[in-house]
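Where does a folded chain leave empty space, and what lines it? Take a look at the model below, then read on.

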Amino acid sequence: MSLLKVSGSPHVHGNESVEKIMKYVCLALLPTILVAIYCFGLGAIKVLLIAIISCVFFEWFIGKFILKTKSTVKDYSAMLTGILLALNVPSSLPWYMIVIGCFVAIAIAKMAFGGLGNNIFNPALVGRVFLLISFPVQMTMWPKPFASARMLFFNGFNKIDQEIVDAVTGPTPLGILQNGGADAIHSSNYADYVMGFMGGSIGEISAIAILLGGIFLLWRKIISWHIPVSFILTSFLFAGVLWLVDPTRFADPLFHILTGGLMLGAFFMATDMVTSPMTPKGMLLFGFGCGLITILIRSFGAYPEGVSFAILIMNAFVPLINKGFKPKRFGKEVKHG
């Protein structure tokens with residue numbers, strides 16, 4: 001006679017783990033990283049190395065000496081935070097500002113809430129927004145692709161020389177749009193936006209590289225299509241409506257999709273499992289909110305970019321979204337008629 005054993009959930013197990021998922025996301029970011037290094041040279045390498053080392057160190061130090069918990073640096077989440085933060089800043093950002101941004105991302109946005117799985121907001125975006133508000137000048141100096149990497153590298157470790165920086169920096173497409181209106185971008189080369197030959201944060205300049213990584217994540221089922229598609233589609237439709245209303249003031253929707261951090265945010269930051277909704281319907285609503293707020297900020301706000309603010313604002317709504325779109329409990333009686 002065999003005994004029926006009853007145990008607690010989970011009853012269905014998979015072969016995925018936090019460590020494996022983080023590795024896949026890091027691998028998916030490899031095309032974007034390679035384009036960044038190709039376009040910005042040693043400046044991009046500097047930013048990436050400092051951000052990764054700083055994030056891993058802060059997580060190890062806080063876990064060991066303050067929280068006194070088991071080290072979590074081996075799950076690659078701190079490394080991923082460092083990569084994402086690095087991809088969201090200019091290649092000319094001084095080293096100490098990168099370290100400050102990493103401290104805010106890990107210590108305040110992640111570990112203060114109890115570590116991975118407990119944070120409310122995306123850590124990398126919290127670090128980026130903190131840097132943007134605290135150091136607006138340095139965070140809006142955009143080196144031109146293929147400028148002297150040696151000049152940028154040594155400038156990052158010393159005080160900023162305004163004449164040198166001005167010689168190698170230029171406005172981003174979104175900056176041109178905000179300052180000059182839609183007429184200023186009529187001569188834009190969209191092929192450059194796709195390939196990555198434009199100014200901006202080191203990880204937002206190549207739509208094709210980001211898309212390749214996003215497709216990889218979808219193929220490996222690390223993310224679902226709901227957030228990226230609803231984010232991008234909402235941005236496209238809302239920007240298209242504004243463009244049809246006044247094409248002399250507002251840019252066409254394709255311009256918004258290909259420029260700035262919209263693609264990077266849609267595939268790699270809005271889809272963060274910890275800070276995004278659990279259900280497909282909740283994900284669609286989340287992506288819709290991100291797209292709507294992004295275009296609102298870009299079109300009517302003081303900043304030319306709105307992706308980071310949009311995702312963080314929607315992160316705050318995730319508990320409400322999860323409450324409103326709860327999945328049915330297994331075994332719950334369904335009423336008919």
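This report covers the chain as a whole, then its pockets, its cavities and one buried residue.

## The chain as a whole

This is a predicted model. The chain has 337 residues, and 52% of them count as buried. Its secondary structure comes to 17 helices and zero strands.

Contacts often link distant parts of the sequence. Take the contacts between residues at least 6 apart in sequence: 76% of these join residues at least 24 apart. The accessible surface is about 17000 Å². Carbon and sulfur atoms hold 68% of that surface.

## The largest pocket

Rolling a probe the size of a water molecule over the atoms shows where empty space is left. The largest pocket holds about 420 Å³ of space. Its lining counts 24 residues. Nearest the centre lie Met-22, Leu-80, Leu-116, Asp-272 and Met-273.

Which helices supply at least two residues each to this lining? They are helix H1 (18-28), helix H4 (77-87), H6 and helix H15 (262-269). By class, the lining of the largest pocket has 16 nonpolar, six polar and two charged residues.

## The second largest pocket

The second largest pocket has about 280 Å³ of space. It is lined by 18 residues, and Thr-140, Trp-142, Thr-172, Pro-304 and Glu-305 are the closest to its centre. H6, helix H10 (173-180) and H17 each give two or more residues to this lining. H10 has the largest share, with four residues.

The classes here are eight nonpolar, seven polar and three charged residues.

## The cavities

How many cavities reach 30 Å³ or more? There are two. The largest has about 40 Å³ of space. Its lining is made of Asn-88, Leu-125, Arg-128, Glu-204, Gly-261, Met-269, Glu-305, Val-307 and Ser-308. Two elements give two or more residues to that lining: helix H6 (123-134) and helix H17 (307-324). The lining splits evenly by class, with three nonpolar, three polar and three charged residues.

The second largest cavity has a volume of about 30 Å³. Thr-172, Pro-173, Met-198, Gly-199, Gly-200, Glu-204, Ile-205 and Gly-260 line this cavity. Three of these residues are nonpolar, four are polar and one is charged.

Some residues turn up in more than one lining. Glu-204 lines the largest cavity and also the second largest cavity. Glu-305 lines the largest cavity and is among the residues closest to the centre of the second largest pocket. Thr-172 is also among those closest to that pocket's centre, and Thr-172 lines the second largest cavity too.

## A buried threonine

Now for a single residue. Thr-294 sits in helix H16, which spans residues 280-300. Is Thr-294 buried or exposed? Thr-294 counts as buried because its relative accessibility is 0%, and the cut-off for buried is under 20%.

What does Thr-294 touch, leaving out residues up to four places away in sequence? The list is Phe-231, Leu-262, Glu-305, Gly-306, Val-307 and Ala-310. Two of these partners, Glu-305 and Val-307, also line the largest cavity. Another partner is Leu-262, and helix H15 covers residues 262-269. Ala-310 is a partner as well, and helix H17 covers residues 307-324.

Methods. Residues numbered from 1 in each chain as written. Predicted model: local features only at pLDDT ≥ 70, side-chain atom pairs only at ≥ 80, totals over all residues. Heavy atoms only, no water. Buried < 20%, exposed > 50% of the residue type's maximum accessible area, 1.4 Å probe, protein only. Contact = heavy atoms within 4.5 Å. 1 Å grid on protein atoms, 1.4 Å probe; cavity = no way out; pocket = protein on both sides within 12 Å on 5 of 7 lines; lining within 4 Å. Points joined across faces, edges and corners; volume = space filled by probe spheres on them. Nonpolar A, V, L, I, M, F, W, Y, C, P; charged D, E, K, R; others polar. Areas by Shrake-Rupley, 256 points an atom, 1.4 Å probe, with all protein chains shown as cover.
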